Amino acid sequence: MTSDILASARDILSTLIAFDTTSRNSNLDLIAWVEDYLGKHGVASTRVVNADASKANLYATVGPNIEGGIILSGHSDVVPIDGQKWDSDPWTVTERSGLLHGRGTCDMKGFIALALAAVPQFKKGTKPVHLAFSYDEEIGCLGAPAMIEEMAAKLPRPALAIIGEPTMMKPVTGHKGIAVHEVEVLGHEAHSSLTHLGISANMVAVELMHDLAELARDLWENADPASPFIPPHATLTIGKMEGGTAPNILARRALFVFDLRCPPGTDPDNILAPFKTKCAALDAEMKRAFPETGVRVTQQSNAPPMTHAGSEEAEAFIRKLTGDNSPAGVVSYAAEAGQFQQAGFATVICGPGSIEQAHQPNEYVSVEQFARGADFMARLVEELA
């Protein structure tokens with residue numbers, strides 16, 4: 001059975017990688033292909049679309065529509081290839097030295113391909129498999145919550161959810177949460193020699209970014225030495241910034257985006273409260289001089305962390321499938337697992353490949369890891385038979 005799943009998964013992976021589902025793009029072509037694939041196997045599926053219907057989640061039940069099933073979940077979007085040097089076409093699976101290269105092979109279309117390849121076998125099971133594929137995970141886990149809410153409301157209660165992020169096929173029972181914020185500063189243009197006649201949005205933004213850099217340093221210096229995470233503390237990074245028109249013009253607009261990743265038990269709102277208070281004070285001060293200016297802070301996402309609580313039986317089930325007896329791990333990246341857990345599902349992360357290969361040029365999943373993923377699916381089929 002493993003060999004059949006593996007052969008089919010290789011073909012499916014090539015198809016999925018060919019869809020450029022970078023988060024800034026629509027994922028509807030990939031979703032339509034998955035719908036068609038499932039339909040050919042007699043499996044109905046349901047879309048959960050975003051506000052303008054340009055992207056969609058997809059979930060489907062394979063097998064009997066009863067309680068006790070297993071959710072297999074993965075995100076369909078990938079990170080950009082912009083500025084990266086690839087040795088092969090990122091949108092074509094290329095095997096070199098036992099590695100399957102391509103954007104998303106590791107994170108995480110490999111897992112999706114394996115789950116889809118096992119559909120013919122899952123159909124024969126006495127318990128269902130619920131497939132759940134999301135959008136916009138890579139920009140803050142934005143897409144999955146609407147799908148998770150609908151699944152929780154409409155599906156017979158599943159036993160557990162497996163999120164197929166790359167873990168080298170080892171169970172992971174904890175991850176950090178992520179809060180993403182955009183800060184927009186609007187200034188008042190003037191000649192750069194006449195600073196008293198305007199406000200440079202860039203200068204205000206630099207001051208605020210300096211405060212965040214100091215906050216990041218403080219989080220590092222006050223890390224909990226007992227934390228299992230690497231790094232152990234909450235991390236804050238500014239991932240994007242832009243602003244200004246010319247060197248001799250006080251900038252009219254500046255913008256930067258930062259993310260804060262917190263371990264369980266650390267409240268991002270408490271950490272950011274002083275920063276947001278300063279932003280509000282600067283906004284009021286700027287508006288007194290020029291009403292059209294100011295500082296606006298917009299929270300783009302706030303995905304919760306995942307903890308070990310409530311996942312003991314799910315972890316034991318995963319270990320039975322993988323044969324892994326090493327201590328359960330935690331990961332510093334954010335994932336949709338915390339969202340499934342928050343909705344009441346016992347949740348474990350387990351998937352092929354290493355997160356160290358994700359988001360990199362020449363991203364890959366090894367042939368060995370892909371084969372282990374196929375074996376995992378075959379054993380799941382046997383457990384549900």
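Select V129 in strand β6. In this predicted model, V129 has a relative accessibility of 0%, so it counts as buried, the cut-off being under 20%. Now show what surrounds V129: leaving aside residues up to four places away in sequence, it touches A60, T61, V62, I70, L72, F122 and L384. For a sense of scale, add A280, which is 151 residues from V129 along the chain. The C-alpha atoms of V129 and A280 are separated by 48 Å.

L384, one of the contacts of V129, leads to the next stop. Select helix α10, residues 367-384. Its 18 residues reach 26 Å from first C-alpha to last, close to the 26 Å expected at 1.5 Å a residue. Which residues of α10 are buried? They are Q369, F370, G373, A374, F376, M377, A378, L380, V381 and L384.

Go back to β6 and follow the loop between β6 (129-134) and α5 (144-154), where D136 lies. D136 is not a glycine, yet its phi is positive, about 60°. Is D136 buried or exposed? With a relative accessible area of 9%, D136 falls under the 20% cut-off and is therefore buried.

Compare S97, in the loop between β4 (94-96) and β5. S97 also has a positive phi, near 55°, and is likewise a residue other than glycine. Its relative accessibility is 78%, over the 50% cut-off, so S97 counts as exposed. Most residues other than glycine have a negative phi, and most peptide bonds are trans.

Two peptide bonds come next. Select D107 and M108: the bond from D107 to M108 is cis, with omega near -10°. M108 is placed in the loop between β5 (99-101) and α3 (109-117). Then select I230 and P231, which are also joined by a cis peptide bond, with omega about -5°. P231 sits in the loop between α6 (201-221) and β10.

Keep I230 in view and add S332, found in the loop between β13 and α9 (337-342). The S332 side chain reaches the backbone oxygen of I230 at 2.4 Å. Apart from residues up to four places away in sequence, S332 touches K176, F229, I230, P231 and R261.

R261 opens the way to the largest pocket: it is listed among the residues closest to the pocket centre, together with E138, I178, D259 and H359. The largest pocket holds about 1,500 Å³ of space, and 50 residues line it. Which elements give two or more residues to this lining? Colour β9 (177-186), β10 (235-243), β11 (253-262) and β13 (329-331) to see them. By class, the lining of the largest pocket comprises 23 nonpolar, 15 polar and 12 charged residues.

End at the second largest pocket, with a volume of about 160 Å³. To centre the view, select D224, P232, H233, P263 and T266, the closest to its centre of the 15 residues in its lining. This lining has 9 nonpolar, 4 polar and 2 charged residues.

Definitions and conventions: Residues are numbered from 1 along each chain as its sequence is written. This is a predicted model: local features need pLDDT of at least 70, side-chain atom pairs count only at pLDDT 80 or more; totals for chains, interfaces and linings use all residues. Side-chain values use heavy atoms; hydrogens and water are left out. On a 1 Å grid over the protein atoms alone, a cavity is a set of points where a 1.4 Å probe fits but cannot get out, and a pocket is an open set with protein on both sides within 12 Å along at least five of seven lines; lining residues have an atom within 4 Å of a point. Grid points are joined across faces, edges and corners, and a volume is the space filled by probe spheres set on the points. Helices (H or I, at least four residues) and strands (E, at least two) are DSSP runs, numbered from the N terminus. Ala, Val, Leu, Ile, Met, Phe, Trp, Tyr, Cys and Pro count as nonpolar, Asp, Glu, Lys and Arg as charged, and the others, Gly among them, as polar. The expected span of a helix is 1.5 Å times one less than its number of residues. Buried means under 20% relative accessible area, exposed over 50%, partly exposed in between (1.4 Å probe, protein chains only). A polar contact is a pair of N or O atoms within 3.5 Å; within protein, one must be able to donate a hydrogen and the other to accept it, and residues adjacent in sequence count only if both atoms are side-chain atoms. Contact means heavy atoms within 4.5 Å.
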